[in-house]
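Work through the exercises below with the structure open beside you, and try each task before you read its solution.

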Amino acid sequence: MKKTTKASHKLFKATLATTMAAGAFVAAVPMETSAAVTFTDVKPGVHYYLPVLELADRGVVKGYNDGTYRPNASVTRAQASKILAHVLDLDTVNVKDPGFADVKKSSEYYGPIAALAQAGYIQGYTENGVKTFKPNDNLKRSQMAKILTLGFALDQSPLAANRFKDVKPTDAYAGYVAALLDLDITTGTTPTTFAPNGLVTRGQMATFVVRTEVALKDENAPVDTAGDKLLQSTIQAEFSKVNTSTDAVYIALREKTFNVTVKNPASTFGEFGEAVKPVFNSMKEDAVVNNATVSVMFGGKEIKVEAKNIDNSLDFDTVFNKVLAKTGLTRNAALNILQGRTVKLTVDGAIKSEPFNSTYEFKF
């Protein structure tokens with residue numbers, strides 16, 4: 001869906017520079033248990049608390065000017081489209097016009113809706129020869145099941161005849177509902193009902209999306225070895241000692257996902273480097289990385305860059321400056337060029353003589 005241009009090449013080099021410098025020894029950022037974004041009406045103890053803050057940290061969802069998120073308000077079809085397109089990292093700029101009469105090109109939702117339509121995840125309606133999407137209609141639970149199943153490529157399966165009173169195995173959306181049940185993304189509104197025409201709230205939408213991501217990650221994740229577990233526990237132990245949240249960026253780690261929020265549009269690669277430098281140095285004492293692979297999606301294809309036989313004797317500034325020089329960037333380059341990108345980093349090596357082979361994600 002995306003085309004490789006000079007701008008995208010520059011973006012890839014910037015992504016590579018940051019990830020290689022920050023992730024060469026994996027332990028580049030601190031563990032944060034609190035979110036960078038908070039809402040006055042999203043409190044601990046409710047099911048959507050962590051999902052909403054998780055998506056807010058990643059810039060997928062936003063609240064309102066009064067500091068609220070309004071989790072109990074119904075999510076519209078347009079809002080749900082924007083969330084899903086962002087989470088799936090679809091190109092919302094270079095899109096084909098889906099021809100929906102009620103979605104103007106000037107709308108903030110046009111790109112996400114067009115991207116989802118182009119990918120085949122949504123279709124809209126055709127009435128009297130006119131195509132519409134009904135962006136302001138509230139999203140139904142059956143529609144939610146469909147877009148999540150198609151968007152995340154979940155496996156559909158037959159729905160048991162007596163599973164729900166209000167969903168028949170022959171219903172068009174039954175397979176989508178079954179897909180969510182198989183992964184424990186939802187269990188229905190009651191043990192015997194799914195409420196396919198029920199409306200999805202903003203809090204529920206966030207919960208369903210994050211549950212889907214977690215389910216797929218758990219399903220596909222390799223079994224961690226003793227070295228992988230030791231690496232993870234060591235990183236977390238170091239995180240409790242070092243705080244690298246600065247005025248330039250906010251960096252948080254949840255499991256093996258690094259969430260990097262550029263707090264100031266003027267933040268630079270140099271400021272990012274200073275933030276991650278202390279933990280980098282402390283981890284050199286225990287961990288040795290032999291090889292690293294960085295991958296990022298461009299034009300619907302995965303681009304990989306490998307670094308083999310890494311010299312662990314180099315100090316952080318030397319590594320950081322070399323990577324920046326190789327990619328044609330400087331410490332004064334703007335960090336926000338990475339906004340909205342997700343990069344995967346796979347590293348292998350040893351920690352305290354225990355081998356590891358771990359994959360981490362950096363989300364900007």
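**Aromatic rings and a pocket**

A search through the whole of this predicted model turns up 3 aromatic pairs.

**Exercise 1.** Describe the geometry of the pair formed by Phe39 and Tyr69, and state where in the chain each ring lies.

*Solution.* Begin with the geometry: the centres of Phe39 and Tyr69 are 5.3 Å apart and their planes make an angle of 45°, and the pair is tilted. Next, locate the rings: Phe39 belongs to the loop between α1 and α2, while Tyr69 belongs to the loop between α2 and α3, so that the pair links distant parts of the chain, 30 residues apart. Finally, consider exposure: Phe39 and Tyr69 are both buried.

**Exercise 2.** Classify the pair of Phe164 and Phe194, and decide whether each residue is buried or exposed.

*Solution.* With 5.8 Å from centre to centre and 50° between the planes, Phe164 and Phe194 form a tilted pair, because an angle under 30 degrees would count as stacked and one over 60 as edge-to-face. For exposure, the cut-off for buried is under 20% relative accessible area; Phe164, at 3% relative accessibility, therefore counts as buried, and so does Phe194, at 0%. As a last step, note that the charged end of Arg141 sits over the ring of Phe194, 4.3 Å from its centre.

**Exercise 3.** Which helix supplies the largest share of the lining of the second largest pocket?

*Solution.* The elements that each give at least two lining residues are α2, α3 and β4. Of the 28 residues in the lining, the largest share, 4 residues, comes from α3.

Definitions and conventions: Residues numbered from 1 in each chain as written. Predicted model: local features only at pLDDT ≥ 70, side-chain atom pairs only at ≥ 80, totals over all residues. Heavy atoms only, no water. 1 Å grid on protein atoms, 1.4 Å probe; cavity = no way out; pocket = protein on both sides within 12 Å on 5 of 7 lines; lining within 4 Å. Phe/Tyr/Trp six-rings, centres within 6.5 Å; stacked < 30°, edge-to-face > 60°. Buried < 20%, exposed > 50% of the residue type's maximum accessible area, 1.4 Å probe, protein only. Lys NZ or Arg CZ within 6 Å of the ring centre and 35° of its normal.
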